[in-house]
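Reader: Hey, got a minute to walk me through this model? I'd like the ground rules and then some details.

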Amino acid sequence: MHDCKNNPVKKRMSKQDKIDWDNLYEYVKNNVLHYSSKQSLSVQMVLRLKGMLNGKFYANNTTTDMADYSYKTVLNTFKFCSPKIQSVLSSKNFDSENRKFNYICAIVEGSLNDVFLRMENAAKVQQKTERMDVSAITHNGAGYQSKTRETSNKLNDLW
């Protein structure tokens, strides 16, 4: 088991992790920074994104991990923060791409725990729903009573 606080050994990415990383990378590149297909994220941006997984400013093996988020959590947090990010990008000027990206990451980092908890709660609800036994639930339908003739006749008098 990977101990995120004390294990300096880099864990290998699973196939799913690689897919999730690609999704995060492409989302940030295309939907957040609006880069063209000819551009890529800088090394500093990649290290910044990967650092978010462990609650660090940059991904490295020299500082203690403070968290253990998944790529999906980071991606969902970027999506959650998208309106705020786009608002900032349209109203603020930055003197470099790295400063702009650090500002964006600060916005995202401020919501990581909230999104993590929401995703965790959603997973618990999903598991609880899957374990529910619905075979004992019966449905007799709603009771329907037809209108009485008396009411119908009163309406006819109005016309």
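Author: Here is a quick tour, starting with the ground rules.

Author: This is a predicted model, where local features need pLDDT of at least 70, side-chain atom pairs count only at pLDDT 80 or more, and totals for chains, interfaces and linings use all residues. Residues are numbered from 1 along each chain as its sequence is written, and side-chain values use heavy atoms, with hydrogens and water left out.

Reader: Cool. How many helices and strands does the protein chain have?

Author: The protein chain has six helices and zero strands. Helices (H or I, at least four residues) and strands (E, at least two) are DSSP runs, numbered from the N terminus.

Reader: And how much of the chain is buried?

Author: Of its 159 residues, 26% count as buried. Buried means under 20% relative accessible area, exposed over 50%, and partly exposed in between (1.4 Å probe, protein chains only). The chain exposes about 11,800 Å², and carbon and sulfur atoms supply 51% of that; the areas come from the Shrake-Rupley method with a 1.4 Å probe, and for residues only the protein chains shown count as cover.

Reader: Let's zoom in on α4. What does it span?

Author: Helix α4 covers residues 97-109, which is 13 residues, and reaches 18 Å from first C-alpha to last, close to the expected 18 Å. The expected span is 1.5 Å times one less than the number of residues.

Reader: Which residues of α4 are buried?

Author: Those are K100, F101, I104, C105, I107 and V108. Looking down the axis of α4, they fall within an arc of 155 degrees, so they line one face of the helix. The arc is taken from the directions from the helix axis to the C-beta atoms.

Reader: What covers them?

Author: The cover for α4's buried residues includes α1 (15-32), α2 (43-52), α3 (71-91) and α5 (112-131).

Reader: A lysine on that list? What does K100 touch?

Author: K100 is buried at a relative accessible area of 17%. Not counting residues up to four places away in sequence, K100 touches L33, L89 and F94. Contact here means heavy atoms within 4.5 Å.

Reader: OK, switching to α1. Which residues are buried there?

Author: In α1 the buried ones are D20, W21, L24, Y25, Y27, V28, K29 and V32. Their cover includes α2, α3 and α4. As for length, the 18 residues of α1 should span 26 Å, and the end C-alpha atoms are 25 Å apart, which agrees.

Reader: Anything odd in the backbone just after α1? What's phi of H34?

Author: H34 takes a positive phi of about 55 degrees just after α1, and sits in the loop between α1 and α2. Most residues other than glycine have a negative phi.

Reader: Now M119 in α5: buried, partly exposed or exposed?

Author: M119 counts as partly exposed, at 27% relative accessibility. Leaving aside neighbours within four places in sequence, M119 is in contact with K72, T73 and N76. M119 and K72 are 47 residues apart in sequence and 9.6 Å apart in space, C-alpha to C-alpha.

Reader: Last one: which residues make the nonpolar surface patch?

Author: V43, L47, F57 and Y58 make a patch of about 360 Å². Patches are made of residues with over 30% relative accessible area and no salt bridge (a side-chain nitrogen of Lys or Arg within 4 Å of a carboxyl oxygen of Asp or Glu); like charges are joined within 9 Å, and nonpolar side chains (Val, Leu, Ile, Met, Phe, Trp, Tyr) within 5 Å. V43 belongs to helix α2 and is exposed, with a relative accessible area of 59%.
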